[in-house]
Amino acid sequence: MSGGLAVPALLGAVLLAYFVVPVAVFLSQAREVDIAAVVADPAIRDAVATSLLTAPVSTAIATVFGVPLAYILSRVSFRGKRLLEAVVLLPLVVPPIVGGVMLLTVVGRYTPIGAAAAALGVPLTGSRVGVILAQTFVAGPFLVVVARSGFDSVDPRLEEAARTLGHSRLGTVRRVSLPLARDAIAAGIVLTFVRAIGEFGATMMVAYTPRTMPTQIRVSFIARGIDAIVPIALALLAIAVIVVVAVQLLVGTPRRH
């Protein structure tokens, strides 16, 4: 390695070690825990099921609504755009618990929206719907921010060329913009899913039950200590790894330009 890269490599290695060592120690301790006995706990199985049902839905909602928003922010100039960008970033900068409180002021059981939904038999708190609302609020901005960076990297001249060939604006987005921003959108989907499935603060405020995996980790840790949370923590880690690998296989690694 050339001398000019030695210092950056050393500094990066320090941070990498900080990431790797806790994971390695945790995995070494996991071998001493009777995982089968803990996984047999119905509460843990229910938490895993809840997370696996809600996180994909939250990610899908963020994708369906977030990708168009990302494109608009990337390509359109309008009055109030800076304010809109700040609103998108707000859930990223406020503590998740505060985000949950904000949601409760809108969808809580005693709010007009919350009361109306409960009257229809679809409570927005203390339910899987509430979990999805919390996950989408906290994780959705990741999709918008990363997808927008992908659209920003697409040369507008390519879109203009497609328009001159007779394609509509929507057709140009579908045939040119989306394929070229595919890697960034895929990365945004991964980040959104992983953030959603690991969300705790806002979910605890909006829907303490049914418990998700992070909520169950907190409850199990308080009740029985660190050994009780190893299996569910391993499940979270395994899910994150599987999602990342699956997206890489489907989309491919980012291309060098």
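**Helix 3 against helix 10**

I began with how helix 3 and helix 10 lie relative to each other in this predicted model. Their axes cross at roughly 140 degrees and come within 9 Å. Angles over 145 degrees would count as roughly antiparallel and 65 to 115 as roughly perpendicular, so I put this pair down as oblique. For the record, helix 3 covers residues 42-75 and helix 10 covers residues 182-197. I also looked up the handedness, and helix 3 passes helix 10 in a right-handed crossing.

Next I listed who touches whom. From helix 3 I found Ser51, Leu52, Ala55, Pro56, Ser58, Thr59, Ala62, Thr63 and Val67. They meet Ile185, Ile189, Thr192, Phe193, Ala196 and Ile197 of helix 10. I sorted the residues of this contact by type and got 10 nonpolar and five polar, with no charged ones.

**The largest pocket**

Then I went looking for empty space, which a water-sized probe rolled over the atoms reveals. The largest pocket came out at a volume of about 290 Å³. I noted 15 residues in its lining, with Thr136, Phe137, Gly140, Pro141 and Val144 lying nearest the centre.

Which elements give two or more residues to that lining? I found helix 3 again, together with helix 4 (81-93) and helix 7 (128-152). Helix 7 supplies the largest share, six residues.

My last check was the make-up of the pocket lining: 12 nonpolar residues, three polar and no charged. I jotted down beside it that the contact of helix 3 with helix 10 has no charged residues either.

Technical notes. Residues numbered from 1 in each chain as written. Predicted model: local features only at pLDDT ≥ 70, side-chain atom pairs only at ≥ 80, totals over all residues. Heavy atoms only, no water. Axes fitted to C-alpha atoms, helices over the stretch in contact; angles between N-to-C directions. Helix = DSSP H or I, 4+ residues; strand = E, 2+ residues; numbered from the N terminus. Parallel < 35°, antiparallel > 145°, perpendicular 65-115°, else oblique. Left-handed = near helix turned anticlockwise from the far one by under 90°. Contact = heavy atoms within 4.5 Å. Nonpolar A, V, L, I, M, F, W, Y, C, P; charged D, E, K, R; others polar. 1 Å grid on protein atoms, 1.4 Å probe; cavity = no way out; pocket = protein on both sides within 12 Å on 5 of 7 lines; lining within 4 Å. Points joined across faces, edges and corners; volume = space filled by probe spheres on them.
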